[in-house]
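Me: Could you take a close look at one part of this model for me? I'd like to hear about the sheet and whatever sits around it.

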Amino acid sequence: TALVDLGGLTELQGLQIAATRIDPTALKHLRTLTKLEYLDVSAMQMTDAGLKEIKQLKTLQRLDAFTSD
């Protein structure tokens, strides 16, 4: 998954992956982003498992997750 490649970007503070076909369970690869403050997952097929992974992002201050439905 593309998110695996982001794991080494430990200084990353913001990430926009809106309207992508990334499997929400792949969000577990964001755990290494210890300075991530902003995440946009809008228009993704979010699942309970994906939300569980987002909850683990302790430095997250802003989450955009709107849907167009």
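Reply: Let's start with S1 and S2, two parallel strands joined by three bridges. One residue to click on is Gln16, whose bridge partner in S2 is Asp40. Keep in mind that this is a predicted model.

Now zoom out a little. S1 and S2 belong to an open, three-stranded sheet with parallel pairing, and its order is S1-S2-S3. S1 (14-16) and S3 sit at the edges, each pairing on one side only. On average, neighbouring strands here are turned by 5° against each other, direction ignored. As background, strands in a sheet pair through backbone hydrogen bonds, and the pairing can be parallel or antiparallel.

Next, follow the chain into the loop between S1 and S2, where you'll find Ala18. Ala18 counts as partly exposed because its relative accessibility is 24%, and the cut-off for buried is under 20%. If you skip its neighbours within four places in sequence, Ala18 touches Asp40, Val41 and Ser42. So Asp40 turns up twice: as a contact of Ala18 and as the bridge partner of Gln16. Gln45 is 27 residues away from Ala18 along the chain, with 10 Å between their C-alpha atoms.

Finally, have a look at helix H2, residues 48-55, where Gly50, Glu53 and Ile54 are buried. Looking down the axis of H2, the buried residues fall within an arc of 100°, so they line one face of the helix. The cover over them includes strands S2 (38-40) and S3 (62-64). Flip to the other side of H2 and you get Asp48, Lys52 and Lys55, which are exposed.

How values were computed
Residues numbered from 1 in each chain as written. Predicted model: local features only at pLDDT ≥ 70, side-chain atom pairs only at ≥ 80, totals over all residues. Heavy atoms only, no water. Buried < 20%, exposed > 50% of the residue type's maximum accessible area, 1.4 Å probe, protein only. Helix = DSSP H or I, 4+ residues; strand = E, 2+ residues; numbered from the N terminus. Arc of directions from axis to C-beta. Contact = heavy atoms within 4.5 Å. Pairing = 2+ DSSP bridges. Axes fitted to C-alpha atoms, helices over the stretch in contact; angles between N-to-C directions.
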